[in-house]
Amino acid sequence: MKKMIVVVICSIFICLSVCLSYKIVLAGDDDEGGGPILFTKPVKAVLFDHKTHLGFGYSCEDCHDKLFEEAKGTAEEKGDFTMKSLYAGKYCGACHNGETAFASNTKCAVCHIGVKGMNRLTKTGKK
């Protein structure tokens with residue numbers, strides 16, 4: 001029973017996080033702490049929201065410039081911005097290691113919104 005409650009609470013949290021991220025991107029009016037970033041390389045698409053991470057108590061300096069340079073798109077241009085690197089503790093994997101935050105190889109849909117999600121956010125997709 002406790003396991004079921006934990007699963008339900010985690011599912012609700014994930015859904016709220018994704019919905020909040022969609023709302024922020026769709027509204028386009030919130031660039032707090034750098035605003036949301038929609039990564040399109042090496043796969044389409046991965047959504048990162050600065051505000052969500054700041055809400056967990058992290059600061060800009062926790063990631064910049066140790067893990068990511070501040071200029072958008074810089075990580076995407078690097079050949080090692082891959083899931084393999086994340087599993088090795090680089091980029092998002094520095095925290096998403098299963099100890100500090102959920103592991104990069106779990107809860108894929110929290111970050112990976114796919115082509116359909118990207119099209120919805122950018123309003124370029126077909127219905």
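Student: Where is Lys107 in this thing?
Tutor: Lys107 is in the loop between α4 and α5. Keep in mind that this is a predicted model.

Student: And what is the phi of Lys107 near?
Tutor: Near 50 degrees, a positive value in a residue other than glycine.

Student: Is Lys107 buried, exposed or partly exposed, and what's the number?
Tutor: Lys107 counts as partly exposed, at 37% relative accessibility.

Student: What about Tyr91, where is that one?
Tutor: Tyr91 is also placed in the loop between α4 and α5, with α5 covering 108-111. Phi of Tyr91 is near 50 degrees, and that is again a positive value in a residue that isn't glycine.

Student: Buried or exposed, that Tyr91?
Tutor: Buried, with a relative accessible area of 6%. Tyr91 is also part of the largest nonpolar core.

Student: OK, which residues make up that largest core?
Tutor: There are 9 residues in all: Ile37, Phe39, Val46, Phe48, Phe68, Ala75, Phe81, Leu86 and Tyr91. The elements giving two or more residues to this core are β1, at 36-39, and β2, at 46-49.

Student: What else is there in the way of cores?
Tutor: A second, separate core has 5 residues, among them Ala45, Leu47, Ile113 and Leu121.

Student: Back to Leu86. Which residues is Leu86 in contact with, apart from its sequence neighbours?
Tutor: If you skip the neighbours within four places in sequence, Leu86 is in contact with Tyr91, Cys92, Gly93 and Ser104.

Student: Now the strands. How do β1 and β2 run, parallel or antiparallel?
Tutor: Antiparallel, and 4 bridges join β1 to β2. A hairpin makes the connection from β1 to β2 through 6 residues.

Student: Which residue in β2 does Phe39 stand opposite?
Tutor: That's Val46. Phe39 and Val46 are both members of the largest nonpolar core too.

Student: Where does Ala45 sit?
Tutor: Ala45 is in the loop between β1 and β2. The peptide bond from Lys44 to Ala45 is cis, with omega near -10 degrees.

Student: What about the peptide bond from His64 to Asp65, cis or trans?
Tutor: Cis, with omega near 0 degrees. Asp65 lies in the loop between α3, at 60-63, and α4.

Student: Switching topic: how many disulfides does the structure hold?
Tutor: The structure holds 0 disulfides.

Student: Why no bond for Cys60?
Tutor: Because the closest cysteine sulfur, in Cys63, is 8.6 Å from the sulfur of Cys60, too far for a bond. Cys60 itself is partly exposed, with a relative accessible area of 38%.

Student: And which cysteine sulfur is nearest to Cys63?
Tutor: The sulfur of Cys95, 5.9 Å away, and Cys63 is in no disulfide. At 24% relative accessibility, Cys63 counts as partly exposed.

Student: Let's do helix α4. Where is Ser85 in relation to that?
Tutor: Ser85 is in helix α4, which covers residues 83-87. Ser85 is buried, with a relative accessible area of 9%.

Student: Which residues does Ser85 touch?
Tutor: Not counting residues up to four places away in sequence, Ser85 touches Asp80, Lys90 and Tyr91. With Asp80 there is also a polar pair: a polar atom of the Ser85 side chain lies 2.4 Å from the backbone oxygen of Asp80.

Student: What about Tyr87, buried or exposed?
Tutor: Exposed, with a relative accessible area of 52%. Tyr87 is found in helix α4 as well.

Student: And what does Tyr87 touch?
Tutor: Ser104 and Asn105, leaving out residues up to four places away in sequence. The C-alpha atoms of Tyr87 and Ala103 are separated by 8.3 Å, with the two residues 16 apart along the chain.

Student: Zooming out, how many helices and strands are there?
Tutor: The protein comes to 6 helices and 2 strands. From the N terminus on, the order is α-β-β-α-α-α-α-α.

Student: How much of the protein counts as buried?
Tutor: 27% of the 127 residues. The protein exposes about 8,700 Å², and carbon and sulfur atoms supply 62% of that.

Student: Last one: what share of the contacts join residues at least 24 apart?
Tutor: 50%, among contacts between residues at least 6 apart in sequence.

Conventions:
Residues are numbered from 1 along each chain as its sequence is written. This is a predicted model: local features need pLDDT of at least 70, side-chain atom pairs count only at pLDDT 80 or more; totals for chains, interfaces and linings use all residues. Side-chain values use heavy atoms; hydrogens and water are left out. A nonpolar core is a set of buried Ala, Val, Leu, Ile, Met, Phe, Trp, Tyr and Cys residues joined through side-chain atoms within 4.5 Å. Buried means under 20% relative accessible area, exposed over 50%, partly exposed in between (1.4 Å probe, protein chains only). Contact means heavy atoms within 4.5 Å. Two strands pair if DSSP finds at least two bridges between them. Accessible areas come from the Shrake-Rupley method with a 1.4 Å probe; for residues, only the protein chains shown count as cover. A disulfide is a pair of cysteine sulfur atoms within 2.5 Å. A polar contact is a pair of N or O atoms within 3.5 Å; within protein, one must be able to donate a hydrogen and the other to accept it, and residues adjacent in sequence count only if both atoms are side-chain atoms.
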